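Work through the exercises below with the structure in view. Try each task before you read its solution.

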Amino acid sequence: MTRDDLAEQTPACGPARIALLSGGTYGVWPGQVPADQVFHTYRTRLRITQKRGQATLGLTESVGLLGDVEDELLRIGWIDTTDRAWAFILFLNATATTVLACAGVALSLPEMD
């Protein structure tokens, strides 16, 4: 995957691309993971972030897209912004050549009253 491959599959892809081009750290975890396992994990993470009021970008859309590819093997990558305010998760095809979905999660929780 190249920086140019990070298109607009979800609303998080543009900000993730900007984070990457701005010097954010990135990588791809070794190995492949079944899409149905990733779907269940990130569906749970979506519920947790919603319950906490944590800001997300494209997480809802990514969970929906992951539900559509349940029989595939995926690779998972990440991009962290230089200020560590956001973390982006990239859901890649098995060869890590195509971005299937992208989600961003704010790393700071909202302040409680």
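**Exercise 1. A charge and a ring**

Which residue lies over the face of Y42, and at what distance from the ring centre?

*Solution.* Keep in mind that this is a predicted model. Start at the ring of Y42. R45 lies over its face. The distance from the ring centre is 4.7 Å. Now bring in L59. Leaving aside neighbours within four places in sequence, L59 is in contact with both Y42 and R45. Its other contacts of this kind are L46, T49 and A103.

**Exercise 2. The nonpolar cores**

Find which residues have the most contacts inside the largest nonpolar core, and which elements supply it.

*Solution.* Begin with the count: the largest nonpolar core has 15 residues. Those with the most contacts inside it are V38, Y42, L59, V63, L66 and F91. Next, take the elements. Helices α2 (35-52) and α3 (59-68) each supply at least two residues, and so do strands β4 (73-80), β5 (86-92) and β6. The most comes from α2, which gives five residues. Another core lies apart from this one. That second core has twelve residues, including A12, A19, L90 and C102. In soluble globular proteins, nonpolar side chains tend to be buried together.

**Exercise 3. Two cysteines**

Decide why C102 is not bonded to the closest cysteine sulfur, in C13.

*Solution.* Take the distance first. The sulfur of C102 is 4.2 Å from that of C13. A disulfide needs the two sulfur atoms within 2.5 Å. The gap is therefore too far for a bond. A search of the whole structure agrees, with zero disulfides. Then check burial. C13 has a relative accessible area of 0%, so C13 is buried. C102 is also at 0% and counts as buried.

**Exercise 4. The salt bridge**

Name the partners of the one salt bridge, and say whether each is buried or partly exposed.

*Solution.* The structure holds one salt bridge. D80 forms it with R84. Their closest N and O atoms are 3.0 Å apart. Side chains of opposite charge can pair when their charged atoms come close. Now place each partner. D80, at 15% relative accessibility, counts as buried. R84 has 48% and is partly exposed.

**Exercise 5. Aromatic pairs**

How many aromatic pairs does a search find? Describe two of them.

*Solution.* The search finds three. One of them joins W29 and W78, with ring centres 4.6 Å apart and planes at 40 degrees, so the pair is tilted. W29 lies in the loop between β1 (25-28) and β2 (33-34), and W78 lies in strand β4, so the pair ties together parts 49 residues apart in sequence. W29 is partly exposed at 42%. W78 counts as partly exposed at 23%.

W86 and F88 form a stacked pair. Here the distance is 6.2 Å centre to centre, with 15 degrees between the planes. W86 counts as partly exposed at 23%, whereas F88 is buried at 2%.

**Exercise 6. Placing one alanine**

Is A106 buried or exposed, and which residues does A106 touch?

*Solution.* Locate A106 in strand β6 (residues 99-106). Its relative accessibility is 7%, so A106 counts as buried. Not counting residues up to four places away in sequence, A106 touches Q54, A55, A85 and W86. Finally, compare sequence with space. A106 and A87 are 19 residues apart in sequence. Their C-alpha atoms are 6.5 Å apart.

Terms used: Residues numbered from 1 in each chain as written. Predicted model: local features only at pLDDT ≥ 70, side-chain atom pairs only at ≥ 80, totals over all residues. Heavy atoms only, no water. Helix = DSSP H or I, 4+ residues; strand = E, 2+ residues; numbered from the N terminus. Buried < 20%, exposed > 50% of the residue type's maximum accessible area, 1.4 Å probe, protein only. Contact = heavy atoms within 4.5 Å. Core = buried A, V, L, I, M, F, W, Y, C linked by side-chain atoms within 4.5 Å. Salt bridge = Lys/Arg side-chain N within 4 Å of Asp/Glu carboxyl O. Phe/Tyr/Trp six-rings, centres within 6.5 Å; stacked < 30°, edge-to-face > 60°. Lys NZ or Arg CZ within 6 Å of the ring centre and 35° of its normal.
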